[in-house]
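Dear colleague,

I am handing over the structure below, and my notes on what was found in it follow directly after. Please read them with the coordinates open.

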Amino acid sequence: MVYQSLTYSRRLGFRVSLGIIAGTIAVAAGCTATPGSGYRDAYAGGRYHAAISGARAAAGSPGSTNEAALTTGLAHEALGNDAEARAWLGPIARGGDATMAAHASAGLALIDLRRGRTLQAAEALDSASLRMRGTAARDAARVAADAYERAGRPDDADRLRTRAAGLADAGGRASGGGFAVQVGAYSTRHRAQQRAAELRASARASGFGDPRVEPGGTSRRPLYHVRIGRFRTEDDANRARRLLGGESIVVGAS
């Protein structure tokens, strides 16, 4: 039940971040507000029927690959209208703009989650998060981590938590603490300590010192980050990241 409540809350947050993308795409493409474009605000505010009403008028018909069609499909998903959601999101996921395709794929993955296709949803969200930015990328990685955990793939779950933690840190890493390379994020301290021990020799040999385990996450869902080094600039940290290899990321040093 803890897993179910956690996943549900993350899915709700993820829907909001998917809704925000409609306005973001329009701005990035140089679009200006048009009559009826309030469907974006309606979606972000959870008024899904209103979002569909406004977005569908601007979208045309299923098969369109514009942001109004994306919003229509996402709103149908939020209401549980799976057939309608697939009709609108499928063409975008298969052949839309790369950013919109990622968000359409994520919307389809939420349907798979609801229908019990957990591993399929996890893999789709994993892939989509790599093609997203900002809050949506972070939330896709978080929901994918939960789905991988449920599907019995703890290593993949930890890999996605590492990605999500790095994306969460990205907005606040310009603090006076400099930068570090994060090489893992684990649900238990024991697993994090094991990973730190595995990397100790190579980290020392590269002159970065001992890997350290730093607590993070929340009281409900603790995470233990494995981080290496303290670097003055982000460029220095990225050079170290390339030396260390793997799916490491640069984060703000605490």
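At the start of H4, which backbone nitrogen does a side-chain oxygen of asparagine 66 reach? In this model, which is predicted rather than experimental, the partner is the backbone nitrogen of alanine 68, and the side-chain oxygen of asparagine 66 comes to within 3.3 Å of that atom.

The helix that begins there, H4, covers residues 67–78, and its 12 residues reach 16 Å from the first C-alpha to the last, close to the 16 Å expected at 1.5 Å a residue. Because 12 of the 12 residues of H4 are buried, the helix is largely enclosed by the rest of the structure; among these buried residues are Glu67, His76 and Glu77. Just after H4, glycine 80 takes a positive phi of about 80 degrees.

Elsewhere, the structure holds 1 aromatic pair. Phenylalanine 208 and phenylalanine 231 make up this pair in an edge-to-face arrangement, with 5.6 Å from centre to centre and 75 degrees between the planes. The pair links distant parts of the chain, since phenylalanine 208 lies in the loop between helix H10 and strand E2 while phenylalanine 231 belongs to strand E3, 23 residues apart. Both phenylalanine 208 and phenylalanine 231 are buried.

For the chain overall, the secondary structure comes to 11 helices and 4 strands, and buried residues make up 48% of the 254 residues. The accessible surface comes to about 11,800 Å², of which 51% belongs to carbon and sulfur atoms.

With best regards

Technical notes
Residues numbered from 1 in each chain as written. Predicted model: local features only at pLDDT ≥ 70, side-chain atom pairs only at ≥ 80, totals over all residues. Heavy atoms only, no water. Helix = DSSP H or I, 4+ residues; strand = E, 2+ residues; numbered from the N terminus. Expected span 1.5 Å × (residues − 1). Buried < 20%, exposed > 50% of the residue type's maximum accessible area, 1.4 Å probe, protein only. Polar contact = N/O pair within 3.5 Å; in protein donor to acceptor, adjacent residues only side chain to side chain. Phe/Tyr/Trp six-rings, centres within 6.5 Å; stacked < 30°, edge-to-face > 60°. Areas by Shrake-Rupley, 256 points an atom, 1.4 Å probe, with all protein chains shown as cover.
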